[in-house]
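Student: I should like to go through this structure and ask how its descriptions are justified.
Tutor: Certainly; please put your questions one at a time.

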Amino acid sequence: MVAAYTQLLGERYRGRLDEDADKYIGYACEGALRMQTLVRDLLAFSRVGRDGAACGRVDCDAAMEVALLGLGSAMQESGAVVTHAVLPVVWADRSQVTQIFQNLIGNAIKFHGTEAPAISVQAVRAGAQWLFSVSDNGIGIAPEYAENIFVVFQRLHTRAEYAGNGIGLAICKKIIERGGGKIWVEALAGHGSVFKFTVACNDPAEKGVGVEG
């Protein structure tokens with residue numbers, strides 16, 4: 001409601017007040033919209049593990065196609081090229097697997113360098129789990145920040161440089177760890193990043209499968 005009415009105020013009275021008033025209305029609109037996005041992101045984070053997500057066999061190729069469809073406009077605008085090998089079937093929640101792909105690839109597109117984003121997604125069998133890697137040619141991450149980026153609200157850049165609230169990677173971490181997996185990043189500042197995470201191959205409850213790192 002705050003966002004809607006401040007936008008309406010800005011549209012109807014822009015230029016009818018003084019320059020400072022227009023500027024202050026703009027600040028109010030921007031702040032209200034940012035808070036709206038923040039609340040939505042926090043709700044998404046809090047719902048992980050509480051919405052009764054049903055795990056089952058998930059075709060990651062199909063999940064990837066849905067994720068890329070959602071990122072279509074960002075890919076077109078940035079000239080991003082996303083390639084992936086034939087991806088496996090895993091034991092997880094379909095919508096959450098899609099969200100992981102979308103968050104990781106979306107970040108790779110957002111934090112690109114001077115060249116168009118080039119992103120590759122691969123998966124290899126690692127015992128009772130599949131080990132996924134999402135590599136890019138972006139700006140990279142300094143090793144000392146490799147842990148911090150998975151914490152809610154932790155940002156390495158200002159909003160003026162890159163939009164967002166710093167919640168996407170925290171959501172990925174929460175989803176993956178609740179499924180018995182792990183997520184980490186291997187990166188150097190200015191040399192791209194490789195995000196890796198593990199997902200169970202089969203239902204651990206049925207097979208008595210332990211978690212492997």
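Student: What makes β4 and β5 count as paired strands?
Tutor: In this predicted model, β4 and β5 are joined by seven bridges in the antiparallel sense. Two strands pair if at least two bridges are found between them, so the seven bridges of β4 and β5 satisfy the criterion. One place to see the pairing is valine 121, which stands opposite valine 134 in β5.

Student: What lies in the turn between β4 and β5?
Tutor: The two strands form a hairpin with two residues between them. Glycine 127 is in the turn and has a positive phi of about 70°.

Student: How do you know that β2 also pairs with β4?
Tutor: Four bridges join β2 to β4 (residues 118-126), and these strands run parallel. The requirement is at least two bridges, and therefore the four between β2 and β4 suffice. Valine 82 stands opposite isoleucine 119 in β4, and histidine 84 stands opposite valine 121 in β4.

Student: Why is the pairing of the whole sheet called mixed?
Tutor: The sheet is open and has five strands in the order β2-β4-β5-β7-β6, with mixed pairing. In general, strands of a sheet pair either parallel or antiparallel, through backbone hydrogen bonds. Here β2 and β4 run parallel, whereas β4 and β5 pair in the antiparallel sense.

Student: What makes β2 and β6 edge strands?
Tutor: Each of them, β2 (81-84) and β6 (183-187), pairs on one side only. From one strand to the next, the twist averages 20°.

Student: Which helix packs on the sheet, and which strands are touched?
Tutor: Helix α5 (residues 94-110) packs there, touching β2, β4, β5 (129-135), β6 and β7 (193-200). The direction of α5 makes about 140° with that of β4.

Student: Why is serine 133 called buried?
Tutor: Serine 133 has a relative accessible area of 17%. Buried means under 20%, so serine 133 is classed as buried. Serine 133 is placed in strand β5. Leaving aside residues up to four places away in sequence, serine 133 touches Ser120, Val121, Gln122, Val194, Phe195 and Lys196.

Student: Which residues of helix α6 are buried?
Tutor: In α6 (residues 168-178), the buried residues include Leu169, Ile171 and Cys172. Glycine 180, with a positive phi near 85°, follows α6.

Terms used: Residues are numbered from 1 along each chain as its sequence is written. This is a predicted model: local features need pLDDT of at least 70, side-chain atom pairs count only at pLDDT 80 or more; totals for chains, interfaces and linings use all residues. Side-chain values use heavy atoms; hydrogens and water are left out. Axes are lines fitted to C-alpha atoms, for helices over the stretch in contact, and angles run from 0 to 180 degrees between N-to-C directions. Contact means heavy atoms within 4.5 Å. Buried means under 20% relative accessible area, exposed over 50%, partly exposed in between (1.4 Å probe, protein chains only).
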